[in-house]
Amino acid sequence: MKKIAVLTSGGDSPGMNAAIRAVVRKALYHNIEVYGVYQGYLGLINDDIRKLELGSVGDIIQRGGTFLYSARCPEFKEKEVRQKGIENLRKRGIEGLVVIGGDGSYRGAQRISEECKEIQTIGIPGTIDNDINGTDFTIGFDTALNTIIESVDKIRDTASSHARTFIIEVMGRDCGDLALWSGLAVGAETIILPETETDIKDIAEKIQHGIDRGKKHSIIIVAEGCMTGDMCASELTKYINVDARVSVLGHIQRGGSPTGADRVLASRLGGYAVELLLNGETAKGVGIKDNRLVATNFDDIFKTSERQINQRMLGLTEELSI
Ligand code: F6P
């Protein structure tokens, strides 16, 4: 293998830059030329591909976002469009492609490896949602989690000063991990997840019970994949008379300097992706399981039924929020 390329695709996540850096530096260390594909699959189609040097990835390990830019590119699902992208890699003699992104980005990589046997593809899980099979953690999840914690800690000051019930809507698409982990970390009274049944009446009774015991304020974390914060507030106030406020944290959760955990994870996974390419592996996603680097076939990543929510953690949040 003499030449590889790297791209970031889908929603950006903190730590993507650290992953690109690791891919580039590890490859250069092994005398492999590296190309950056700008704007994800869109740049692949439009031939926005530039050679990267050691200096191209200097001073980025601490930066959020992705200096390669990212895009959502539904057109890449079409075979003729993909052929253009494949041709742009081929004409440069690129034999390996590292795709940093989520599930949809992995599917594009899988198609490339199916349709062009000379190009090996490896996926690195980059999304704040923590919703990719084949890894315990995705790059960006820890930073987003810490952003939520910091924000909720601030909101709690107002909640307690005004004796209010705050409903905080967090991201995660169809996955409740950000809500579950942040809920546990901020000591939320209630966490509403897409993976579990939600009975707002029960939640209202629990909040009322707390008020009766002298609780002055409450924090409810709601995952966007289950319902919006506004829906939750209007349902809740049908049952109880509380001064409820909604805070939608939004894209603030996707930004910021990556945490130490995300930088380390990104560096390890980036280096491992290059190792796999050097070993002739293809159509695999890298990940971390029980603190060990693992590689899983894309097929198995897609086949595995939905990620399960951690029931022990969920049970614990219930026990701790009585
Ligand atoms: O996948 C990351 C994510 O931030 C989700 O949590 C969220 O639902 C979605 O992307 C938002 O996408 P966009 O930035 O395209 O609005």
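Leaving aside its neighbours within four places in sequence, which residues is Asp103 in contact with? In this predicted model, the answer is Ile132 and Phe302.

Let me place Asp103 in its setting. Asp103 lies in helix 4, which covers residues 103-115. Its relative accessibility is 28%, so Asp103 counts as partly exposed.

Ser105 is found in helix 4 as well. Is Ser105 buried or exposed? Its relative accessibility is 5%, and because buried means under 20%, Ser105 counts as buried. Apart from neighbours within four places in sequence, Ser105 is in contact with Ser9, Gly10, Tyr41 and Val99.

Both residues appear in a UniProt record. That unreviewed entry lists Gly11, Arg72, Cys73, Gly102, Asp103, Gly104 and Ser105 under "binding site". Why may we speak of one spot? These residues span 95 residues in sequence, yet no two of their C-alpha atoms are more than 13.0 Å apart, so they gather at one spot. The lining of the largest pocket includes Gly11, Arg72, Cys73, Gly102, Asp103, Gly104 and Ser105.

I turn now to the ligand. The residues around the ligand are Arg72, Thr127, Asp129, Met171, Gly172, Arg173, Glu224, His251 and Arg254. Arg72 is thus named in the UniProt listing and around the ligand. An N or O atom in the side chain of Arg72 is 3.1 Å from an oxygen atom of the ligand. For Gly172, a polar backbone atom is 3.1 Å from a ligand oxygen atom. For Arg254, a polar side-chain atom lies 2.7 Å from an oxygen atom of the ligand. On its own, the ligand has 400 Å² of accessible area, and the protein covers 73% of that.

Notes:
Residues are numbered from 1 along each chain as its sequence is written. This is a predicted model: local features need pLDDT of at least 70, side-chain atom pairs count only at pLDDT 80 or more; totals for chains, interfaces and linings use all residues. Side-chain values use heavy atoms; hydrogens and water are left out. UniProt positions are given in the numbering used here, feature names are shortened, and annotations may be inferred rather than shown by experiment. On a 1 Å grid over the protein atoms alone, a cavity is a set of points where a 1.4 Å probe fits but cannot get out, and a pocket is an open set with protein on both sides within 12 Å along at least five of seven lines; lining residues have an atom within 4 Å of a point. Helices (H or I, at least four residues) and strands (E, at least two) are DSSP runs, numbered from the N terminus. Buried means under 20% relative accessible area, exposed over 50%, partly exposed in between (1.4 Å probe, protein chains only). Contact means heavy atoms within 4.5 Å. A residue is near a molecule or strand if one of its heavy atoms lies within 4 Å of it. A polar contact is a pair of N or O atoms within 3.5 Å; within protein, one must be able to donate a hydrogen and the other to accept it, and residues adjacent in sequence count only if both atoms are side-chain atoms. Accessible areas come from the Shrake-Rupley method with a 1.4 Å probe; for residues, only the protein chains shown count as cover.
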